[in-house]
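Morning, everyone. I have one structure to walk through, so let me put it on the screen.

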Amino acid sequence: DEDPDVVACLRRSVEFASARAGIQNKYLTMLKGMEEVQSLGVVEMPLLASEVTGPDAILDFSSRFLPAGYRTGPPAELERSMAFEALYKSEAQTARESTGGFALEDRVIVHGLAKTPVYNDKEAVVTSFVDWESAGRIKVKLLEEIDGKTKVLALQPKNLRRLGQDGAEGQEKCVVM
């Protein structure tokens with residue numbers, strides 16, 4: 001009363017599992033024979049029937065690396081918003097936080113210079129941070145030449161306004177299509 005389709009399916013499954021186990025044993029034997037690995041040790045894991053995907057499956061799988069009884073309960077919950085910030089904050093955003101709101105290559109407008117008003121309302125690009133810890137100056141290169149020369153100025157953050165990507169003042173804008 002055996003269904004030939006079920007028997008064929010079982011036979012293929014056993015052959016597949018045997019082939020995977022054979023490949024796994026081949027590589028384990030190779031690893032165990034390497035000098036570099038012998039000092040580290042090899043953790044042998046069982047051949048699983050399914051792929052390890054998703055947080056719960058990964059957590060369950062990771063417990064196989066720990067001695068029995070090591071974990072007495074679920075691990076502490078990670079605050080997702082904090083993890084997202086730490087992982088995905090852009091380098092420019094991180095730089096801005098430590099340099100008065102500016103990052104390298106930011107486009108800015110110079111303003112509020114009393115002694116050299118000729119530079120006011122000129123567009124510039126942030127090129128470096130001069131003695132940031134002590135003087136707090138930002139070096140900018142004007143995009144427009146003055147008297148036929150390219151000018152580089154070291155200014156305080158209060159004398160700069162950041163431009164967006166489109167050249168408008170304020171925050172950068174993102175267009176979603």
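A definition to start: two strands pair if DSSP finds at least two bridges between them. One such position: Val126 stands opposite Val140 in S3. Strands and helices here are DSSP runs, numbered from the N terminus: at least four residues of H or I for a helix, at least two of E for a strand.

Some ground rules. This is a predicted model, where local features need pLDDT of at least 70, side-chain atom pairs count only at pLDDT 80 or more, and totals for chains, interfaces and linings use all residues. Residues are numbered from 1 along each chain as its sequence is written, and side-chain values use heavy atoms, with hydrogens and water left out.

Confidence next. pLDDT is the predictor's confidence in each residue, from 0 to 100. The protein chain averages 78, and 73% of the residues score at least 70. Among the elements, S1 has the highest mean, 94, and helix H4, residues 80–88, the lowest, 53. Over residues 171–177 the pLDDT is below 50. Beyond near neighbours in sequence, that stretch has 11 contacts in the model. Contact means heavy atoms within 4.5 Å.

Now the overall layout. The protein chain has 5 helices and 5 strands. From the N terminus, the helices are listed before the strands: α-α-α-α-α-β-β-β-β-β. Of the 177 residues, 18% are buried. Buried means under 20% relative accessible area, exposed means over 50%, and partly exposed lies in between, with a 1.4 Å probe and protein chains only. The chain exposes about 13,800 Å², and carbon and sulfur atoms supply 55% of that area. Those areas come from the Shrake-Rupley method with a 1.4 Å probe; for residues, only the protein chains shown count as cover. Among contacts with a separation of 6 or more, 31% join residues 24 or more positions apart.

On to the sheet. In what order do the 5 strands of the open sheet run? The order is S4-S3-S2-S1-S5, and the pairing is antiparallel. S4 and S5, residues 160–162, are the edge strands, each pairing on one side only. On average, neighbouring strands are turned by 45° against each other, direction ignored. For that angle, axes are lines fitted to C-alpha atoms, for helices over the stretch in contact, and angles run from 0 to 180 degrees between N-to-C directions.

Let's go pair by pair. S4, residues 152–155, is joined to S3 by 4 antiparallel bridges. There, Val140 has Leu153 as its bridge partner in S4. S2, residues 123–130, and S3 pair antiparallel over 6 bridges. Ser128 has Lys139 as its partner in S3. S1 and S2 are antiparallel too, with 3 bridges. Ile109 stands opposite Glu123 in S2. Finally, S1 and S5 pair antiparallel over 3 bridges, with Val108 opposite Arg162 in S5.

Look at S3, residues 137–142. Which residues make up its covered face? Ile138, Val140 and Leu142 do, while Arg137, Lys139 and Lys141 form the uncovered one.

That brings us to the core. A nonpolar core is a set of buried Ala, Val, Leu, Ile, Met, Phe, Trp, Tyr and Cys residues joined through side-chain atoms within 4.5 Å. The largest one has 14 residues. Val108, Val110, Tyr119, Val140, Leu142, Leu155 and Leu160 touch the most other members. S1, residues 107–110, along with S2, S3 and S4, each supply at least two residues of this core. S3 gives the largest share, 3 residues.

Take Val110 as an example. Leaving aside neighbours within four places in sequence, its contacts include Tyr119, Leu142, Leu155 and Leu160. Polar residues are on the list as well, among them Asn120, Asp121, Lys122 and Asn159.

Last stop, two loop residues. Asp121 lies in the loop between S1 and S2. Its phi is near 65°, a positive value in a residue other than glycine. Is Asp121 buried or exposed? Asp121 counts as exposed, because its relative accessibility is 61%. Asp147 lies in the loop between S3 and S4. Asp147 is not a glycine either, yet has a positive phi of about 55°. With 76% relative accessibility, Asp147 also counts as exposed.

That's my tour. Thanks for listening.
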